Structures are given as C-alpha cells and as structure tokens.
Amino acid sequence: MKSKTTVGRTQSVIVKIASTNCVCPSIRTLSAGRTTDEPLSTAFRQVAWSPSGLIPFRKCILATVTADHRVTLYRNGCWAWEDIDQLSSRWLQQMKDNDVLTSSQVAAEPGHSLVFTLHKNRSYILGTMALAWSSLYTEDTTNYAWLIMLQRSGHIVIWKAQTPFTNVSFSGYHDLQIVDPSIVKVHPGPAENQMLLFAGSHRGQVKCWTLSWDRENAPSCNFLGAIIPDEDHIPVSAIEISNSNDYLVVSVTKNNAVVAVSVKCDGNGLQCVDTQFVLLQGVQLAGMSRLAGGNILCVTEDYFLNEIDLNINTEGVFKGLEVTQVTIPSNPVMLCRGVATSWSGDGSTLFVLESVKVAYDHLKCRQPSSLTVYVGSSLEKVTYCLQNAVSMEQSLIALETYKALNGSNWESIWEMELENLNSEDDYYVQLLRWFALFKCNACFVERRYDKELQDDLKMRADKAEFCLQLRHIEKMFQKILISRPDGKLSADERLNVSLAYQFVNTPIVAESNTKLDQTLVEKIKATFQIKPKPPKEECLICQKPIPFEKREDGQCSSGHRALRCRATLRTCFDNTLCCRWCGTHYHLDSGLDCCILCGGSLDSRSISL
C-alpha cells in the first residue's frame, strides 16, 4: 500500500507499509502474562524516571504529575514507596518569594476582572502539564541531573538533583512563550553542559530550545526554532528523539499519526532537513517508545501496535517510513493507555498500561488500572539470550521474560549441569542458583508439595551459593595480599581475614567438591600471622565474644543471634545492605557494589534479631 500526502510545509513523501499477512516475517506475535494491581487513589497524567545513580545503590527517583497538575517525587523504599519531595508547593513558595505575577505585571482580560485574570494566570503557572529528566552529568566527583517541569502557562521550572542526594534544589524558570503546552522532552545537546529541550502544544506545534549552564550559573534558555511550525490544532501527545548520521530524528505523535523530522542542530540554530508522516490504523495513539536500534514503537488505544523504521541517509533524508505491524492479544474490555519497552535489538518485552472501559464515565475509563507484560519471541530465543549473556544484570529482562513465558509451566525449565561448577564462571553459577530458587517458588505457588523435589532444589541453590561464597573469599585473599604485602592490617581487615580463614578451614569446606587454592590459604596464614585463637567479634548488645561456628549466623553466650554477612562473615545485628533480588544480607562495611550471589543491587535495611 502506498500513499502520498503533505503536512504544512512538508514535501510530498511516500510511506511504505509492510504487508500484514499472517505469514509475513515482518509480523511478530507476542504472548501475554497479566499482572493486575488495585487502582491508585491518585490518577497520574505522567511519570518520569531519573537517570540511575542519583541515589545510592543505582536507584532512580520517580517524578509524577497528577491529574490535578501537582508534582511529587518518590523513591522505592524498603517496604513501600516513599514520598521524597512536593515540588508544586515549593514552586508556589518560589512564586511568592519572587513576586511572580503581581498585579502590576498583569492586565485584566477583556470582559473579566483583574482578580479573575490574576487567579487564572497563577493557577496556570503553578499547574504542571508534563516533566522530563535530563541524562546524568558529572562535575568533579559529583553526579547531577536536571528535572524540567512544563507548566500550563508555557513556563518551564528547572530543578537540580545531585549526589549525595537529599532533595532537589530550585535553579530557575523561563517563559517559553508556547501556548497550550502538552508535552516536554530533553535530549543531550551538541556542546558540553548543554541540552536540547523540545516542547509540544495542544495546537500541534513542536519547538526547540537549548538549556546551557556552567559551574556558577543556572541554565539559560535560548530559542532555536520550530520543528513543526504550523498550527493544525491536533494535540502533540508524545515526542521521542534519536541520533542518526549526525542528525537528530524527532518523532511526534498526533492522534493516530506519527510525524518524523530529521534535524541538523549545532546548538546555535537548527535546520529541518526532511519531514515525513504516516497515518496508523486504529483510534488515537496511546503511547510511543524508542527502541534500542533507533526505531519507534507506537500503540493505539485499541491495541494496534506498529514498529516504524526511521532510517535516514547521510544527507538527512528518510528512506521511507516502513511500518511493521506487531500482533498482540488484546482485551476487548480494556483500553491501552501507554507503553514502555525494554527491547534489546530483536525485541524481548514490552509493558502496556491499561484501563477498563467504563460506559459514560470518561474519568474512570482513562484511569489506568492494570499493567500487562507482553513477551516477544519464543522460549528458545529467551533461553538463548540467557545462555549467551555474561552477567545477571544483562539477563534481568530475559529472566523476567522467562517467568512471564513459563507461568505455571515450570517443568519446561531448561536444566543446567550441576556438576563441575569449578570450571564455570560466576554468571553460570548465579544463573543456576536463580533457576533452582525459581522452581522451588513455582512448586510452592502451585501447591505441589513434593518434599523430595523441594529438598533437591534447595540443595542445588545451596551448592551454588556455597561455591560463589568461596570464590568471593578467594578473590578477597588475593586482593589483600596485593594491597597489604607488609602484612599490616587494620582491626576490621584483620577480623575479616580471620573469619574467612576460620571458614575455609572448617570440615564443610574440606569435604565439598568446590576447589580452593590451599597454597593461597597458607600464604594468608603466614603473611598475616593468623593465630590458633583468632580475634572474636563482640556482640553488639552485651559485648560478649561471638565464636565462629557456622557461616549462616553467629550467637554469643547470652543467646543474642544475628545473620552473618555472606561476603565478610561478620554478624549483622541492625542495619545491613540487602540484595533487592534475592534478599541476601551484607555488612554495611562489606564494600560491595552488588550481591555476590545474584548480581542484584543492594539496599540499606534494618533487621530484627
């Protein structure tokens, strides 16, 4: 099918739409595994994740805009989402402190009083339509990112979040002079300490600005030009930006159309080189997400999903927007409200936000109530991705995809060899432990209480964990021999080395199949003069010594018991670092960036004795 049309000043273009025949290789069918949660008490119009690294343990901050135009920041705490900051109330205080919109600055609107005009303008400059996070920047040893709030009045409010994170600080505001704004997006600029800001409006325009800053000054705003200059009064609902052949490719959604513009930008001005658009089947577009390769994925409210190829040549001219339809199993009683992807190259998983169709109730119909995970490809492909990855962090999406594909059919899990773990890398052993724990949990959920099978699965997980713990101790021995060749240790280092030495000399290690370099152990004993009666830990409660008896926990003579850190073997009485994936506890002074058993990120947590 071919079509030829124009938009505004756009040249005539040809849009190629791939065949939708079921046997066509361009169509991908995805299976679904649904997880439903209770509707939230507050309806959100937009959420945006900060870049990773602003808060400890590689966590992100979640910025939200509610239906009543208020902005709140959240973080994922130990047990629930925690409210970090209320930016709308802080912006209101900034407006009062800086006399924003005083009566001397405003003229009454025709037919209305000055009081009405002031109230309207203040509510518009206070209310937020959309927001966006910048990427992470570094200055000396400090990481920071910018949060941009787009207000109903056409202003932007700029906040700065930096490490160590306590809260965001106000940096300034600018009037973009854009009428009826709808969406905002930021993208790294061509110069250092510069980013590009794209804003769309309900009137159909898309414009671009630069935000530039230095060490002493807050970001300054400079208008570059219009990406879509003409007003067609079709609201802009989403903007995505990617880089291709030294050009920017700006993708914009309007109703059920996608407009793609190739832009040449040097930070001082911009030039629109080529513009093309395509009308997609279905009703209004509900979401757009950029894929890893630069293409975009669009979904309509009635579940028509399309992948659009945005390839351009070296002169910035599109080769034709090729649209590939992706078939997904839709629910006739649901509306699609948004989409997010975690596709890696050939595609693996996408997440669709949905709401229930409620007749004659517009608000309920628009409020998302469930999240559906759609899984691409087959179990064999996902298994192949797991087998060829090099770390658990790279396999995270594949593992979640695997769980969604299998569901209750846990018997089809591909088995890994349990023997000869000594010849395998850490990732292999971590993956083996993950599968054993997953199968054990699947048996419990399905009420398949087979004691022999449960014991076998726990044995497999324990064996993998034991192997990983010994490997970590061996690496610790090697590292400390290099860093402390003179044999001088601090009190904490000596305690760690002594506990590890006691552990590797226990009968359970000697009788295991896991290989341990005994020459390295003897060198540790000689270099650091490990005594027959090494130092003992003190109980945090009664200060009595805690002997080393087993690797799982320790107990003093008064009966105070505490878990032992899997890395240092020290007891953890109160605050610990806890793996967010498998729940393993580590001592606060372990110096770890991730869990040694699964590669998961660590979070501080309090434990009870």
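Helices are DSSP runs of H or I of at least four residues, numbered from the N terminus. In the predicted model described here, helix α1 in this sense is followed by D99, whose phi is positive, near 55°. Within α1 itself, which spans residues 87–97, the buried positions are L87, S88, W91 and M95. These residues lie on the same side of α1, because the arc that they cover around the axis is only 100°. The other side of the helix carries K96 and D97, both of them exposed.

The chain as a whole comprises 609 residues, of which 47% count as buried. Its secondary structure consists of 10 helices and 36 strands. Among the contacts with a separation of 6 or more, 49% are made by residues 24 or more positions apart.

One of the strands, β11, covers residues 142–151 and includes N143. This asparagine has a relative accessibility of 22% and therefore counts as partly exposed, since the buried class is limited to values under 20%. Apart from neighbours within four places in sequence, N143 is in contact with L54, with L136, Y137 and T138, and with A161, Q162 and T163. The C-alpha atom of N143 is separated by 8.3 Å from that of P164, a residue 21 positions away along the chain.

Two individual helix positions were also examined. V382 belongs to helix α4, residues 379–388, and is buried, with a relative accessible area of 5%. Between V382 and E400, 18 residues apart in sequence, the C-alpha to C-alpha distance is 10.0 Å. R433 is located in helix α6, which runs over residues 426–445. With a relative accessibility of 6%, R433 counts as buried. When residues up to four places away in sequence are not counted, R433 touches A461, A464 and E465, together with C582, T584, L597 and C598. Of these partners, A461, A464 and E465 fall within the bounds of α7, residues 451–483.

Helix α10, formed by residues 518–528, has L520, V521, I524 and F528 as buried residues. Their directions span an arc of only 105° around the axis, so they are placed on the same side of α10. The face turned away from this buried side bears T519, K523 and A526, which are exposed. Packing of the buried residues of α10 takes place against α7 and α8.

Helices α7 and α8 also take part in the second largest pocket, which holds about 430 Å³ of space. The pocket is lined by 17 residues, and those closest to its centre are H472, M476, K479, N496 and S590. The elements contributing two or more residues to this lining are α7 (451–483) and α8 (491–504). The largest share, six residues, is provided by α7. In chemical character, the lining is made up of five nonpolar, six polar and six charged residues. Both domain 1 (408–533) and domain 2 (536–608) are represented in the lining of the second largest pocket, each by at least three residues.

Conventions: Residues numbered from 1 in each chain as written. Predicted model: local features only at pLDDT ≥ 70, side-chain atom pairs only at ≥ 80, totals over all residues. Heavy atoms only, no water. 1 Å grid on protein atoms, 1.4 Å probe; cavity = no way out; pocket = protein on both sides within 12 Å on 5 of 7 lines; lining within 4 Å. Points joined across faces, edges and corners; volume = space filled by probe spheres on them. Nonpolar A, V, L, I, M, F, W, Y, C, P; charged D, E, K, R; others polar. Domains from an automatic or database assignment. Buried < 20%, exposed > 50% of the residue type's maximum accessible area, 1.4 Å probe, protein only. Arc of directions from axis to C-beta. Contact = heavy atoms within 4.5 Å.
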